[in-house]
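Me: I would like a close look at one part of this protein. Please take me through its largest nonpolar core, and then show me how the rest of the chain is laid out around that.

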Amino acid sequence: MVIARSGSKRWVAAADGAALKLGLRVAMPAAKAQALVQGLVMIDADPAADLATLERLTLWALSQYSPVVAMDPPDGIVMDTEGADHLQGGEELMLSGLVNRFRGRGLAARAAIADTWGAAHALARTTDRETVIVGRGETARAVNRLPLSSLRLPAETVQSLRTLGFATVGDLAATPRAPLTLRFGPEVARRLDQMLAHIAEPIDPIRPADLVEVQKSFAEPIGAPETIEKYVSRLVRQLCLELEKRGLGVRRADLIVHRVDNTMQAIRAGTAKPVRDIAWVTKLFRDRIERIEPGFGIERLSLAATVAEPLIEAQSASSLIEEQVTDVTPLIDVLGNRGGQRIFRVAPVASDVPERSVQRIAPTADEDGTTWPLHWPRPPRLLASPEPIEVIALLPDHPPVSFTWRGKRRRVKRADGPERIFGEWWKRSSEWVAVRDYFVVEDDSGERFWIFRSGDGVDAETGSHKWFMHGMFA
C-alpha cells in the first residue's frame with residue numbers, strides 16, 4: 001500500500017488487490033487503514049519517481065503505438081491512435097495487446113478508446129473492464145451514467161454539484177449552461193463540452209530530447225492535396241539530411257498535421273530496415289496523403305523520425321562480380337504500412353516437437369543459425385493444434401489402413417513411417433517417456449497428410465495411443 005502525505009495528513013494513495021479485498025480503499029486515512037489491518041505494509045509515495053516512470057512509459061508508447069502521445073498525470077497516458085491503429089491489427093487488438101504487455105510486467109492497466117480525450121479518460125478510470133471501445137458518435141451514451149468526478153473538475157466543485165442534486169454526467173449535460181457558468185465559472189461547461197466533443201481538446205505530444213524533427217509553418221493555411229504533397233516532399237528531404245549528419249536511418253516516421261481549428265492528424269510510416277532514401281520515404285507518405293483531412297486549413301506540418309537507427313553507407317556489389325540479390329524490403333514496407341501485424345518470416349527453432357520447431361520473426365531479422373530438419377519431410381501447412389482422427393491400423397508399427405477426419409473417411413494408398421519423436425523431458429516431467437510416431441500417408445485421391453499416434457503402441461505410459469492429424473502436404 002502506498003501512502004501519500006501533505007503536512008501532517010496521510011492517506012492511502014494506491015492499494016493492491018489484496019488490500020482492496022480486506023476493505024481498504026484509496027483516499028482512506030492511513031491511520032484507519034492501519035487500524036483495520038494489522039501488519040499492513042506501507043510505502044511512502046514518491047511523486048517525482050512516479051512522474052519520471054510515467055514519462056518513460058509515454059516515450060515507449062510513442063515509439064510503439066501512435067505519433068501523438070502525451071502524459072496524463074498522475075497515472076495515465078493519452079494517445080491519438082487514428083491513422084496508426086491499423087499497424088497494430090485494429091483497435092481491439094491494439095488495446096488488448098497494450099494491456100497484456102503491461103500485465104506481463106506486473107502492472108495493472110485499463111485502456112479505453114473514445115471520440116474524445118475526456119471520455120476515454122473517464123471510462124478508463126471508472127470501468128471494471130480492462131478494455132473499453134466506444135464507437136464513433138456513441139460518446140454521449142457511453143458517459144451518460146458516469147459520476148461527476150470523471151469530469152476532471154476540482155474536488156470542491158464536484159462536491160458542490162452533488163449538494164445541488166447532480167449525480168452523473170448525464171444530469172449535468174441536461175442542465176442549461178448559463179446558471180452553471182454563473183455559479184461555477186466556465187470550467188464546468190468546458191470540461192463537459194470537451195468530453196462530449198463539442199469543443200476540441202488538443203494533445204501536446206511528448207518529444208524525446210534526441211528526436212530528429214523538421215517543421216514547416218504557413219503564413220496562409222494550405223489544403224490542396226498537391227500543395228500538401230509538395231511540402232511533405234521537402235520535409236522528407238530535410239529529415240533525411242539531418243539523419244545523414246547523425247549517421248542514422250529512419251525506421252519509423254510520423255507526419256503530424258496541425259490544423260487551424262487546433263486539432264491534429266497524424267500519419268505513421270515504418271520501414272523494415274533503416275533508410276535515408278528520400279524518394280522511397282516520400283513515396284510511403286505520398287501513398288497516404290489522400291487520408292489527410294485539412295478541414296479549414298493546415299497551419300503547420302511536422303515530420304519526425306520517431307525511431308531511428310545507425311545506418312552505414314556500403315558499396316553496392318557489381319553484377320559483374322557477384323549475383324545480384326533481389327531486395328524485397330520495399331515490398332515489405334508497402335505491405336507493413338497497411339497492417340504491421342501481417343508481415344513476418346518463418347524461422348526454425350531447435351526442437352524436434354513440430355509445433356515448437358517454428359517461430360515467427362521480423363521479415364528482415366537475422367536467423368540464429370538453426371537449420372530446418374532434413375532427415376524427414378515436413379508439411380508446408382501445420383494445423384494450429386493436432387485434431388483427433390479415427391484410424392484402423394495394426395499396432396505397434398504399421399501405418400493406418402484408413403482414417404476418418406472431419407467426417408470424411410479416407411483409404412490409405414501409400415504410407416511412409418514411422419518417424420519417432422520423443423518428448424522434451426527437460427521442459428516438463430510429463431514428457432519424460434512421451435512418444436509420437438508420425439506417418440506420411442497418401443489417400444486414394446492423391447492427397448498427402450501428416451498424422452501421428454500418441455505413444456509407442458505398446459506401453460500406455462508413453463501416450464494414449466490415439467491418432468491425430470497434424471498437417472497437410474501440397
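Reply: What follows starts with the core, then turns to the surface and the whole chain.

Keep in mind that this is a predicted model.

Start with the core itself. The largest nonpolar core holds 30 residues. Six of them have the most contacts inside it: Val232, Leu255, Phe285, Ile298, Leu301 and Leu303.

Which elements give two or more residues to this core? Four are strands: E8 (212-222), E9 (248-259), E10 (264-275) and E11 (298-310). Two are helices: H11 (225-246) and H12 (278-286). H11 gives the most, with eight residues.

Now zoom in on valine 232. Leave aside its neighbours within four places in sequence. Valine 232 is then in contact with Leu255, Phe285, Ile289 and Leu301. Leu255, Phe285 and Leu301 are also on the list of residues with the most contacts inside the core.

This core does not stand alone. Apart from it lies another core, of 24 residues. Among its members are Ala112, Leu148, Leu172 and Leu180.

Go back to strand E8, one of the elements that give two or more residues to the largest core. Alanine 219 is found in this strand. Is alanine 219 buried or exposed? Its relative accessible area is 80%, and the cut-off for exposed is over 50%, so alanine 219 is exposed. Its C-alpha atom is separated by 7.4 Å from that of glutamate 299. Along the chain, alanine 219 and glutamate 299 are 80 residues apart.

Next, look at a nonpolar patch on the surface. Trp425, Trp426, Trp432 and Val433 make this patch, which covers about 550 Å². Tryptophan 432 is found in the loop between strand E16 (408-422) and strand E17 (435-443). Tryptophan 432 counts as exposed because its relative accessibility is 61%, and the cut-off is over 50%.

Finally, step back to the whole chain. The protein chain has 13 helices and 19 strands. Of its 474 residues, 40% count as buried. The chain exposes about 27,400 Å², and carbon and sulfur atoms supply 52% of that area.

What is the radius of gyration of the protein chain? The value is 30 Å, whereas a compact globule of 474 residues would have one near 23 Å. The C-alpha atoms fill a box of roughly 90 × 70 × 40 Å, taken along the principal axes.

Last come the contacts with a separation of 6 or more. Residues 24 or more positions apart account for 55% of them.

Note on methods. Residues are numbered from 1 along each chain as its sequence is written. This is a predicted model: local features need pLDDT of at least 70, side-chain atom pairs count only at pLDDT 80 or more; totals for chains, interfaces and linings use all residues. Side-chain values use heavy atoms; hydrogens and water are left out. A nonpolar core is a set of buried Ala, Val, Leu, Ile, Met, Phe, Trp, Tyr and Cys residues joined through side-chain atoms within 4.5 Å. Buried means under 20% relative accessible area, exposed over 50%, partly exposed in between (1.4 Å probe, protein chains only). Contact means heavy atoms within 4.5 Å. Patches are made of residues with over 30% relative accessible area and no salt bridge: like charges are joined within 9 Å, nonpolar side chains (Val, Leu, Ile, Met, Phe, Trp, Tyr) within 5 Å. Accessible areas come from the Shrake-Rupley method with a 1.4 Å probe; for residues, only the protein chains shown count as cover. A salt bridge is a side-chain nitrogen of Lys or Arg within 4 Å of a carboxyl oxygen of Asp or Glu. The radius of gyration is taken over C-alpha atoms; the globule rule is 2.2 Å times the number of residues to the power 0.38.
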